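Please look through the sequence and the structure below before reading on. The paragraphs that follow lead from the interior to the surfaces beside the DNA.

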Number of protein chains: 2
Amino acid sequence: MSGMLQRRGLSGSGVSEILSEARAPKGVLYHHFPGGKNQLAIAAIEASVGILLESLERRLGRFDDPLDALDDWIAASARRLSTTDFDLGCPLAAVSLESAPSDVDVRQSLASAFDTLRTRIAAALTAGGPTEGGPTAGGPAAEGPSSGGWSAEDAEGTAALIVAAYEGGLMQSRVAGSARPMAAATTTLSLLLRERRMSRRNHA
Amino acid sequence: MSGMLQRRGLSGSGVSEILSEARAPKGVLYHHFPGGKNQLAIAAIEASVGILLESLERRLGRFDDPLDALDDWIAASARRLSTTDFDLGCPLAAVSLESAPSDVDVRQSLASAFDTLRTRIAAALTAGGPTEGGPTAGGPAAEGPSSGGWSAEDAEGTAALIVAAYEGGLMQSRVAGSARPMAAATTTLSLLLRERRMSRRNHA
DNA sequence: ATCCGATTAGACCGACTGGTCTATAGAATA
DNA sequence: TATTCTATAGACCAGTCGGTCTAATCGGAT
C-alpha cells in the first residue's frame, strides 16, 4: 500500500491521486492513518529509508571496499532515475523540500531518516576498507585513520557529503533529463575520496 | 514583485498565497504572466539564478582563490538558512523536486539554471587559482592542470559536485533544523578539493 | 446460522486551488 | 480637458484539495 507513496512529493501528489493509484478508497487511509496525510508521509518516509538502508546494507556485504559499495549504491539510483524517464528521484528529497518548518513531525522523521543514513555510511567508512586496518581504539581526537581510513569526525563529514552529493546530483539529473550531472558529481566524489585515502595511507 | 517568489516551491505555496504576500491582486499576475503559474515559476527561477550568479561573481572578484570564493558563497547560504529558522532553502531545489517531467518549460528553465551555475563554477576553477598559472591553451584531452589546477573535464565534475553538495547539504540542514549537516558536507568537500590540488601541484 | 467488531467502500463536505472576467484607475497623447 | 490604451483591482468560477461520515462487507467467535 505504501509502495507508490515513495514516488514523489507530498503536496505534489494529492491524497486522492495516491489513493486512486493504490486502488484504495478514502476510508481505508483514514482508518489506518488517522493522522491523515502527514502520518502517511511519515510512514512513507520510514519505508523509504528502510529500503534505502537495506539496499545499502546488501552492497556493503557484497563489496570489500565501502567506497565500491557506495558507488554501486548510488549508481543504482541513477539507473532507476534514467529508466523511469527521470521521474523517480529520492522520496526523501521531494518531501524534504516541500516541508514547512511547522510540519514538525514530518521534519523530525526526515531528519532522523537522513541521520540514519549518514550514521550508517560513516560507520561503514570507519569500519571497513579494502584491506583491514588495525583495531579501533582512539576517540575522535586525532586526525589519523582509525581503521578504514577515516577518523570519526572525518567520517561524519564524508558521510554528509556523500548523502548531499547523492541528493544534489539526483536533483540535477532529474531536471536535466540526463544522467550526466549526477554521474559527473558522484564519480568526481568517488575519485576524490579514493585519492585522499591513498595519500593518507602513503603519508601515515 | 518577484522577490518573495524565490522563497519556497511552486505547488507548496499557492498562487493566492504568493499574491497576498505580494499584496497584488490576481489580475496583475495574469496580465504580466499570461502563462500563469508556470511562467511565473520560470521568471522566479531566472531571477533566482541571476541572484545566485551575481553573489558568486562578487565573491570570485573578492577572493584570489576560487575555492575561497566558493566556500564563502556556500557559507552565506547556510547563514541565510539559519537566520530564517531553516525556512529559506534554495528556490531552485524546491521547484526542481516538485516538477513533473511533463512540465517541460519549467524543467528546461531549471536545467539551464543549473547548467549556468555549473558552467560558471567550472570556468572559475579552470581559470583561477591562488597563484596564477600559465596560459590556457590545451583542450580537454590531457588530465593535467591547465591553469587553475583543474582540467576541463575535472572542472565539470567538480562543479557538478559542488552544486550537488550545496543543494544536498542545504536540504539536509533544512530538515534537520541545524547547520551541522551542511557544514560537515561542505567543509569536507572544501578540504578534499584543497588536498587534491596540493597533491597535484606536488606531483606534476 | 447468527452475531459482532473491524475493515472497506465511496458519497459527501467546506475550503481553497489556479485561472477568467468585468469594472476601474492612471498615464500618455492630443 | 477629452480620449484612449494600459495596468490594477478583486469578484467570480469550476475543479480539486484533504478530511469526515454512513452504509455495506468481511472474518471469527459463539
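**From the core to the DNA**

Apart from its neighbours within four places in sequence, Ala165(A) is in contact with Ala185(A), Thr186(A) and Leu189(A) of chain A, and also with Leu161(B), Ala164(B), Ala165(B) and Gly168(B) of chain B. These contacts, like everything described here, belong to a predicted model. The largest nonpolar core has 102 residues, and the members that touch the most other members of this core are Ala165(A) and Ala165(B). In soluble globular proteins, nonpolar side chains tend to be buried together.

From the core we can turn to the DNA, beginning with strand C. This strand is surrounded by 15 residues, of which the closest are Pro25(A) and Gly27(A) from chain A, together with Gly14(B), Val15(B) and Gly36(B) from chain B. At least two residues of this surface come from each of three helices, namely α2 (26–32) of chain A and both α1 (15–22) and α2 (26–32) of chain B, and α2(A) gives the most, with four residues. Sorted by class, the surface near DNA strand C holds five nonpolar, six polar and four charged residues.

DNA strand D comes next. Around it there are 16 residues, and those that come nearest are Gly14(A), Val15(A) and Gly36(A), along with Pro25(B) and Gly27(B). Here the elements that give two or more residues are α1 (15–22) and α2 of chain A and α2 of chain B, while the largest share, four residues, comes from α2(B). The residues of the surface near DNA strand D divide into five nonpolar, seven polar and four charged.

Notes: Residues are numbered from 1 along each chain as its sequence is written. Chains are lettered from A and ligands numbered from 1 in the order in which they are written. This is a predicted model: local features need pLDDT of at least 70, side-chain atom pairs count only at pLDDT 80 or more; totals for chains, interfaces and linings use all residues. A residue is near a molecule or strand if its C-beta atom, placed from the backbone, lies within 6 Å of it. Ala, Val, Leu, Ile, Met, Phe, Trp, Tyr, Cys and Pro count as nonpolar, Asp, Glu, Lys and Arg as charged, and the others, Gly among them, as polar. A nonpolar core is a set of buried Ala, Val, Leu, Ile, Met, Phe, Trp, Tyr and Cys residues joined through C-beta atoms within 7 Å. A residue is buried if 20 or more other C-beta atoms lie within 10 Å of its own, exposed if 12 or fewer, and partly exposed in between; C-beta atoms are placed from the backbone. Two residues are in contact if their C-beta atoms, placed from the backbone, lie within 7 Å.
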